[in-house]
Amino acid sequence: MTEELEVVDPQERFQDFFKTEKYRQRLSQMAVGGKTSLTVDFEDLLTFDQRIAEELLEKPEEYLKHANNAAYAQLQIEDPEYAEKTAAIDVRIVRLLQAAPLRKLGSQQIGKLVMVEGIVVRSSPVRPMVMQAAFRCKRCGTINPVNQTGSFLKAPFACSSPDCGSKGPFEFVQEESTFIDSQDLRVQERPEDLPPGQLPRTLNIKLVGSEIVDLARPGDHISAVGEVRAFAPTLPGVGKLRAFILHLDANSIEVLGKEPETVLPSPEEEQKILELSRDPWVHHKIVGSIAPSIYGYDHIKEAIMYLLFGGVPKTLPDISIRGEMNALLVGDPGTAKSQLLQYVARIAPRGLYTSGRGTTAAGLTAAVIREKGGGMSLEAGALVLADKGIACIDEMDKMRPEDRVAIHEAMEQHTVSVAKGGIVATLNARTAILAAANPALGRYEPHRTVSENISLPVTILSRFDLIFVIRDVPNKESDSKMSSHILEIHRKGSSPVETPIPVELLRKYISYAKGTKPILGQEAIKRLKDFYLAMRSASEAEGSPVAITARQLESLVRTAEARARVALRKEVSAEDAEAAIAIMKRSLEEVGIDLSSYKMDIDLIMTGKPKSMRDRLQIILSTLMEMEKETGIVEKTALLSELEVKHNIPRGEAERLIGQLLREGTVYEPRENYLKKT
Ligand SMILES: Nc1ncnc2c1ncn2[C@@H]1O[C@H](COP(=O)(O)OP(=O)(O)OP(=O)(O)O)[C@@H](O)[C@H]1O
Ligand SMILES: [Mg+2]
Ligand SMILES: [Zn+2]
């Protein structure tokens, strides 16, 4: 009697499953969308028949065939007309109970059905793959169809015509062959799954079938179900290697929600979060919990807090405005910039640390890569991989020239566009950026302008909401405090400061807070507006520097929203607005003081030169052109004395400015000590 269980025909069992209400309905709706795949939730199958569900996981190749046949048989009952048209359908299994971690995939899983989750880093264009190849025998003209499997095109062994039977030669006939769309993807472990300090693992996924190709783009978080397969790479002239490479033959693929995996807090944790949010010192406590082992830098840690929580993005019918903030730390060597960035990448939900050069060929944005086997692929760079997270970019001044161009779009529009090698794509890069850079001259030179100090174009600088300068200036008091702090760390092997909030709770707090979308209160609007107008009117007097632009106003809004979010408040208060103004002022002061007039001058960031300097450069240029009219080329000493006498520009200052014009290429030296405008 026990035998009876064994003889259940799997195909019949599958068909019984497809006779359940939910799947009968799905089958009868296939014709509407002209679909050829039927999606099956694994859990439904498991509830229906645990045994068959388990067999499917163990022997997917065989059992998927049974499932396909059964689904087709049931389709013939539900919708015979459509069944007639489609000839076959594919059953696609989604949502296994558990995803297999990429780094645990190994020989035990070969041949099994698994689900993997990851982030797409690379995708090939969709290519037609031949399923049944037709070969014409060149001797007798007979067409020989050959079903294709594996990676290489197989020719018939011998002509099938009884009168011929010759072993070739054969000719491939495209019109008589059948093709199917295929695409290769490479997925990588998600940053949030990555054990600290490990390199992310990748897995290649092969997609076959017009209904599963072209669903996912680089940067997308996906879940794919498929059979794990292994193949031996071939070394030319040597043979196949014994160590196989794994890939996944996908049966289904789903693009997951774009939001970072929010690990829902437990009721006790939620209690703690709500309690903390009501604490009047919550901002203080969070700042104190950010990188407690790094001494000082409270204003930078405050900015990092705003960056972690972020402002609220606005999507209007005509434009969209980013909510994520960007901040830049420019500083002397050895001032813990890298340490801060690495810390932020660890605690931020979906945080990613990279150097300006990027860790892959795709750099910071994206690249078109030539694959080993020929063909092109689109590969996502760091900003695309950190979509909806925080990208910490160290040594940003050293980024690749291609990135310098592409990063403008990424920082403001939050997309990365590629058009190269036949691939045209726009990828999402909705990320907050925390960047660090060294001063162009090794150390920050306070008597020089910001853009002289940072080797980044002003167009990039102006996209940072907040910029801070970290200078390593000897100071007895702070040196003594900092050194005891550092020495204490080394003695104890742990931080000398108590963290008010444990890291795990802080991370959950951030995820939780992202759910609140604070809106500007009347009082906050008034404060921001007053500040903006005051700064603008300071520059109304003709010719005086423009202190602030609409970009800074948007930055202020983001900062104020982030601050409200930290306390889980639905409305941005006057206090939030004041704090945003204070930190913006601090940032502007650090970079924007016009040293000759001591007025804040946003031109310094926007055009790279303070107003007074631009005026002087303008005077030098016009004087030079004036003199050129008379003499053709101008002797340098003559120009210098003209400037000194007529325009009151001291000789040393004039020489420095001329040096700058020479470096910029606005002016050149046709002969030694002679100048000419280019
Ligand atoms: N304020 C500080 N508190 C604690 N440690 C510090 C502080 N400043 C520097 N350090 C220590 O100095 C070392 C150098 O820091 P880090 O490598 O982050 O510097 P950096 O700013 O990235 O320098 P570079 O510009 O050369 O890359 C680290 O071990 C860091 O812990
Ligand atoms: Mg560093
Ligand atoms: Zn033949």
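How many helices and how many strands are there in the protein? The count is 25 helices and 27 strands. Keep in mind that this is a predicted model.

Let me start with the overall picture. The C-alpha trace spans about 105 × 70 × 55 Å along its principal axes. The protein has 678 residues, and 47% of them count as buried. Now the contacts. Take those with a sequence separation of 6 or more. Residues 24 or more positions apart account for 68% of them.

Next, the surface. The accessible surface comes to about 34400 Å². Carbon and sulfur atoms hold 52% of that area. As for charge, the protein carries 87 positive and 95 negative charges. Their mean positions are 4 Å apart.

Now to one sheet. It is an open sheet of five strands, and the pairing is parallel. Reading across, the order is β15-β18-β21-β14-β22. Which strands stand at the edges? They are β15, residues 351-355, and β22, residues 466-470. Each has a single partner strand, so one side of each is left without a neighbour in the sheet. How are neighbouring strands turned against each other? By 15° on average, direction ignored.

Look inside that sheet at β14 and β21. Strand β14 covers residues 326-331, and β21 covers 432-437. The two run parallel and are joined by five bridges. For a landmark, find N326: opposite this residue stands I433 in β21.

A helix goes with this sheet. Helix α11, residues 298-309, lies across β14, β18, β21 and β22. Strand β18 is residues 390-394. Against β22, the helix runs at about 150°.

Stay with helices for one residue, T559. Where does T559 lie? In helix α20, which runs over residues 550-566. Is T559 buried or exposed? T559 has a relative accessible area of 1%, so this residue is buried. What does T559 touch, leaving aside neighbours within four places in sequence? The contacts are Y306, M325, A580 and I583. Y306 falls within the 298-309 range of helix α11.

On to backbone angles. Two residues other than glycine have a positive phi worth showing. Take R95. Its phi is near 55°. R95 sits in the loop between β2, residues 90-94, and β3, residues 113-123. At 45% relative accessibility, R95 is partly exposed.

Then A336. Its phi is positive too, at about 70°, and A336 is not a glycine. This residue is in the loop between β14 and α12, the helix at 337-347. So we are back at a strand of the five-stranded sheet, since β14 is in that strand order. Its relative accessible area is 24%, so A336 counts as partly exposed.

Last stop, a hairpin. Which strands form it? They are β19 and β20, with two residues between them. Strand β19 is residues 415-420, and strand β20 is residues 423-428. They pair in the antiparallel sense, over six bridges. Within that pairing, S417 stands opposite T426 in β20. Now look at the turn. G421 is there, with a positive phi of about 55°.

To recap the two pairings: β14 and β21 run parallel, whereas β19 and β20 are antiparallel.

How values were computed: Residues numbered from 1 in each chain as written. Chains lettered and ligands numbered in written order. Predicted model: local features only at pLDDT ≥ 70, side-chain atom pairs only at ≥ 80, totals over all residues. Heavy atoms only, no water. Helix = DSSP H or I, 4+ residues; strand = E, 2+ residues; numbered from the N terminus. Buried < 20%, exposed > 50% of the residue type's maximum accessible area, 1.4 Å probe, protein only. Contact = heavy atoms within 4.5 Å. Areas by Shrake-Rupley, 256 points an atom, 1.4 Å probe, with all protein chains shown as cover. Lys, Arg positive; Asp, Glu negative; His and termini not counted. Charge placed at Lys NZ, Arg CZ, Asp CG, Glu CD. Pairing = 2+ DSSP bridges. Axes fitted to C-alpha atoms, helices over the stretch in contact; angles between N-to-C directions.
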